[in-house]
Amino acid sequence: MKKVKIALLGLGNVGTGVWKIFQMNKDEIEKRSGYEVKISKILVRDKKKNRGLDIPEELITTNFKDILEDDEIKVVVEVMGGIEPAKSYILSAIKNKKHIVTANKMLLATRGDELFKEADENGVMFRYEASVAGGIPIINGINESLTANKIENLYGIVNGTTNYILSKMDLEKVNFKTALKEAQVKGYAEADPTSDVDGYDSQYKLAILAALSFGTQVDVSNVYREGITNISSLDIEYARELGYKIKLLAIVKNHDNKLELRVHPTMVPEEHPLGAVYDSFNAIFLKGNAVGELMFYGRGAGDLPTGSAVVSDIIAIIKEDVEGENKIPVVKNNLWKKEFKEMSEVTCRYYIRATVIDEPGVLGEITKVFGENKVSLRSVIQRGRRHSGQYVTLVFETYLTKETNIISSIDSLYELKSVNKIDNLIRIEEF
Ligand code: NAP
Ligand code: HSE
């Protein structure tokens, strides 16, 4: 059997998953690729770290040149994360005619064009299935299996950490901090978990998915972003009462030539398939004009699920012709020019939770403000005071309205003496 050498940059959660899969599925990988694949070098920061893996010492290096200058290494697998030195390492590997596999959505969403161009110019393959939704084959799904379609819209739960946290808060009443710690221990979270909880990770992933789905360039700044740190158990309780689940959704809708791109906590009807996606699972629900509605579902984070996507990319490269020159363009994201909708132009339904003074006429004053701003209310909840004191919680659910009307309503509400605080505003998606 022919042999091929590959190298890993990184041996953390994902790198470990890749190593384990090569041990577990050696026979399948060899038969499917037609090659005996050898991981011949692994780059790490700390050579002495105990990784609980049976890896020969001579494979581990802290010097990238050991990989770059070894001409027998045909594929470089970047699973270290971050922008630098990952970007420089990938660029030099490409220049040395090595094919690339990466799981690094932050790098792809912010510097992808430079990397794709370099890969095209050097005739190397560049695959990144693991960068969005872990083990779910969504990149290949869009790039290969759905190219007959115009994608109309796409809704994704694309971050495992936040879905894990929201699921734990909802189903087991675990608090935010404890749930985040658990997600970190399980290897779902980014090295800096603010990327997960503040929505940046989903923002990167949506920029990648939208660019592929619409054959256009998408800058991360085109994607509106909010994270989940404002979501309290009280919001989850009210959502349940109204028939919703709260999910961090990444949404893209195509309005003629304008894309609406947003990531924010969203109330999803509990009977919708996305409402039943729990734990570190991810799902992408999309509509193509030929295929209709489609949902991809699976583990969005963790060593083996993510490793599954990385190793499949390695096998795809080896099958394609690891020793030849690639002729297929790496990415086609400049086929169409799209414009982007401002968030104020978006139309949505809203949940608004407010703390107000509990006295006669207050509800009337508030509903008048909504009416004056063309916001129609679908339901109102007031339970009476939970604690002694003058305040009470009010929850409003609106019909479809423009974001700009909601913003002006909130500005006007703050002018009322009876309104102490607008505690939260969560968008509701109806599909
Ligand atoms: P991780 O656990 O933090 O591992 C990072 C690895 O890279 C470590 O082995 C580290 O070495 C090595 N490394 C980092 N900086 C380095 C440097 N400057 N020089 C040499 N080695 C360096 O990260 P991860 O969770 O595996 O994630 C890796 C990438 O995959 C990220 O881009 C992430 O966004 C992406 N991703 C992760 C998941 C997931 O479920 N975790 C899923 C999909 C995609 P030491 O071990 O010596 O510190
Ligand atoms: N931190 C990411 C998540 C890893 O939680 O989804 C997978 O990309």
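This is a short tour of a predicted model, stop by stop, for use in a viewer.

**Stop 1: the sheet**

Start with cartoon view and select the strands. Six of them form an open sheet. Read across in the order β3-β2-β1-β4-β5-β6; the pairing is parallel. Now go to the edges. These are β3, residues 60–61, and β6, residues 126–127. Each of these two strands pairs on one side only.

Next, select residues 2–9 and 73–78. These are β1 and β4, paired in the parallel sense over five bridges. Show Ile6 and look across to β4: Val75 stands opposite.

**Stop 2: a helix over the sheet**

Add residues 13–24, which make up helix α1. Helix α1 lies across β1 and β2, the latter spanning residues 35–43. Relative to β2, the helix runs at about 150°.

**Stop 3: the nonpolar cores**

Which residues touch the most other members of the largest nonpolar core? Select Phe126, Tyr128, Ile138 and Ile284: these four do, in a core of 78 residues. Then colour residues 200–214. This is helix α10, and with nine residues it gives the most to this core.

Center on Tyr128 and display its contacts. Leaving out residues up to four places away in sequence, Tyr128 touches Thr102, Leu108, Phe116, Ile139, Asn143, Ile208, Leu212, Asp313 and Val331.

Now move to a second core, separate from that one, with 33 residues. Its members include Val4, Leu11, Val75 and Val322. Val75 is the residue from Stop 1 that stands opposite Ile6.

**Stop 4: ligand 1**

Select ligand 1 and the 24 residues around it. Which come nearest? Leu11, Asp46, Arg51, Glu190 and Gly302 do. Leu11 also belongs to the second core.

Turn to the ligand's oxygen atoms and check three distances:

- Val14: a backbone N or O atom lies 2.8 Å from a ligand oxygen.
- Lys105: an N or O atom of the side chain is 2.9 Å from a ligand oxygen.
- Gly302: a polar backbone atom is 2.7 Å from a ligand oxygen.

**Stop 5: Gly135**

Finish at Gly135, in the loop between β6 and α6, the helix of residues 138–145. Is Gly135 buried, partly exposed or exposed? Its relative accessible area is 29%, so Gly135 counts as partly exposed: the buried class lies under 20% and the exposed class over 50%.

Show its neighbours. Beyond residues up to four places away in sequence, Gly135 touches Arg299, Pro305, Thr306 and Ala309. For a last distance, pick the C-alpha atoms of Gly135 and Ile381. The two residues are 246 apart in sequence and 41 Å apart in space.

Key
Residues are numbered from 1 along each chain as its sequence is written. Chains are lettered from A and ligands numbered from 1 in the order in which they are written. This is a predicted model: local features need pLDDT of at least 70, side-chain atom pairs count only at pLDDT 80 or more; totals for chains, interfaces and linings use all residues. Side-chain values use heavy atoms; hydrogens and water are left out. Two strands pair if DSSP finds at least two bridges between them. Helices (H or I, at least four residues) and strands (E, at least two) are DSSP runs, numbered from the N terminus. Contact means heavy atoms within 4.5 Å. Axes are lines fitted to C-alpha atoms, for helices over the stretch in contact, and angles run from 0 to 180 degrees between N-to-C directions. A nonpolar core is a set of buried Ala, Val, Leu, Ile, Met, Phe, Trp, Tyr and Cys residues joined through side-chain atoms within 4.5 Å. Buried means under 20% relative accessible area, exposed over 50%, partly exposed in between (1.4 Å probe, protein chains only). A residue is near a molecule or strand if one of its heavy atoms lies within 4 Å of it. A polar contact is a pair of N or O atoms within 3.5 Å; within protein, one must be able to donate a hydrogen and the other to accept it, and residues adjacent in sequence count only if both atoms are side-chain atoms.
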